[in-house]
Amino acid sequence: MREPQVFDPRSKAYKEPYGAVICGGTVTLTCRPLAKDEFQHCSVITREEFSGLEQERELRPEGIEDGRMIFQGELPVPREPELVWYSFRFWRDDGSWCFLDQTGYHCKEKAEAPWQMTVYEDSSFPEWFGAGVTYQIFPDRFCRLKIPNADGLVGNRWVHQNWDEGPAWWPDEDGEIRNRDFFGGSLEGVISHLEDLAAMGVTTLYFCPIFESASNHRYNTADYTKIDPMLGSEEDFRDLCEKAKEQGIRVVLDGVFNHIGSQSRYFNADGFYDTVGAAQSLESPWIEWFDFTRWPDEYASWWGIRTLPNVREECPSYVEYMITGEDSIVKRWLRAGASGWRLDVADELPDSFIEKLRKAVDETKPDSLLLGEVWEDASNKISYSQRRRYLLGRELHGVMNYPFRNALLSYLTGGGAEGFQEAMETLRENYPRPAFYSCMNFLGTHDTSRALTVLSGEGMPEGREAQSRFHLSAAGRERGLTRLFLATGVLFTFPGSPMIYYGDEAGMEGCTDPFNRGTYPWGSENRRLLEWHTRLGTLRQQRPSLQKGELYWLKAEGPVLVYLREYEKEVTITAVNAGPEERWITLPIMPDLVDLMRSQELRDEDGGIRLMLQPNSVRIIGN
């Protein structure tokens, strides 16, 4: 028989309060070793990540209960945001001792796997984001109302005449993939579908970059002050924000502040603009933004891509232009109608830069969102040998939840539900509660293969040419669709904002960039999948328990995942069976439980509610 836990940070019997804590409070810690271990003393050892302070405090012996010693004490929480790493030391009166950390008891020189306690500053958070539904749009590929003319625009652009063609993937004559093929999606095209998006429950539109750029992805910004002419004008953007607001939808922009396009007005490598760029003169007003090792041909660039010269984010004139100036880029587009920013490659932005940006967002438009692109656990992320402070109250409100995507897709393609629960519980324990509820949860983005393709289980070919011709088999597509219904059931009922990558609700498939960035299949959508997304979006809007309810795990075993969300007296239960055989589960008896997607009443049986889960199915139950 497995011995009981000596310490469990996820149980209030051992640590109170649960999870991350606010600066300046106290935490009660309790250890419960077996009496047979004959420990007379116990202490907690702490190390603060940023201050470097190390301390050891003895816990009080509280006697023996059920054959177990009880040691307990209050741990003062730092008054400044911190990561506190803690472990325990037990010793006897004869001097023998051992450490306790996440690996168990050991007698090494120090604890090697201490527990993490996140200490954060209590600050305001935009509750509208986590409560609502987000829709990500790759602007060039969502909807065009007319075929645009590329003449006279920055970059050697060309336009697909046929909306249904695949994206270009082949290198140019210099061996470079320039992403210069455009389809002509526009802001007016988005406006024409605002009612459709609102009907699907969407409350936030997150746009990939919309500023003038030489490429279709627009991550190599050419002019931060202008909407790309193919997309429209500033007036069109303001009109979009106003009409979206009428539908209860906010707009979040992509902030690409780590690098700039080489063809931009600031760098101007090919002389397109009438400005004097940093690549043209050492007297350029922007020369200090860039890090030249040998002007003008050698300079720091993002991942060595020469069309993406890095900027020096701590350069005072750059900070003023982007953040602190009265008409800075961050402020002017918030004033134009945006409700927040998503920070591209947040790992490569200094903490001081993000902190200034957060302050500008809060002051310019209170209740706006600042979200970061972070692919790992953002609470303890190390980037360029520096521990980051993203979620400690002065920087990001939330992050893109790649761990959610990875864990959920792994579970649904053959992994156990235990892995999903453990991954999410780790985040819930480490993240401040407001940040956990401000995560952007998703199944795919413009940087990943399409969810349907991944969930099909069919191996994707290597090489762009093979991927350009790859389509799922009939069996693979059906398998992927079946799993996608389960995935979206979890997506819409889990804490955080469920984000739909444009076209996933229509059944789009595709390998990695650029094949995950095809055009929206207007008129050829998978109607059953689209209707499912609409039903889930409506359910999310109607139920406060799905918007802000507490999370409780009921079962995570093999193919079966069951969890409960509760807010005030409303309860919603999500039950998933990702296996090929039917499964029976027992739910606690609660009054008035019904199947919310089928409007069927549930009956009490033998002290609980017996519920049958069909193979590869999801059921959403509530009162």
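## Exercises on salt bridges and exposure

Glu-234 and Arg-332 form a salt bridge whose closest N and O atoms are 3.2 Å apart. The model is predicted: local features need pLDDT of at least 70, side-chain atom pairs count only at pLDDT 80 or more, and totals for chains, interfaces and linings use all residues. Residues are numbered from 1 along each chain as its sequence is written, and side-chain values use heavy atoms, with hydrogens and water left out.

**Exercise 1.** Place the salt bridge between Glu-234 and Arg-332 in the chain.

Solution. Step one is the term: a salt bridge is a side-chain nitrogen of Lys or Arg within 4 Å of a carboxyl oxygen of Asp or Glu. Step two is the location: Glu-234 is in helix H4 (residues 234-246) and Arg-332 in helix H6 (residues 329-335), so the pair links parts of the chain 98 residues apart. Helices (H or I, at least four residues) and strands (E, at least two) are DSSP runs, numbered from the N terminus. Step three is exposure: Glu-234 has a relative accessible area of 27% and is partly exposed. The classes are buried under 20% relative accessible area, exposed over 50%, and partly exposed in between (1.4 Å probe, protein chains only).

**Exercise 2.** Which parts of the chain does the pair Arg-10 and Glu-429 tie together?

Solution. The closest N and O atoms of this salt bridge are 2.9 Å apart. Arg-10 lies in the segment before strand S1 (15-16) and Glu-429 in helix H9 (residues 417-430), so the pair ties together parts that are 419 residues apart in sequence. Arg-10 is partly exposed at 28% relative accessibility, whereas Glu-429 is buried at 11%.

**Exercise 3.** Are Arg-543 and Glu-570 buried or exposed?

Solution. Their salt bridge has its closest N and O atoms 4.0 Å apart. Arg-543 is in the loop between helix H14 (527-542) and helix H15 (544-548), and Glu-570 is in strand S29 (residues 570-577). Both Arg-543 and Glu-570 are buried.

**Exercise 4.** How many salt bridges does a search of the whole structure find?

Solution. The search finds 40. In one network, salt bridges that share partners join Asp-254, Arg-342, Asp-344 and Glu-373.

**Exercise 5.** Describe the surroundings of Ser-301.

Solution. Ser-301 is in the loop between strand S19 (298-299) and helix H5 (316-324). Ser-301 is buried, with a relative accessible area of 15%. Its side chain reaches the backbone oxygen of Ile-305 at 3.3 Å. Not counting residues up to four places away in sequence, Ser-301 touches Arg-306, Leu-308, Pro-309 and Asn-310, where contact means heavy atoms within 4.5 Å.

Methods: Polar contact = N/O pair within 3.5 Å; in protein donor to acceptor, adjacent residues only side chain to side chain.
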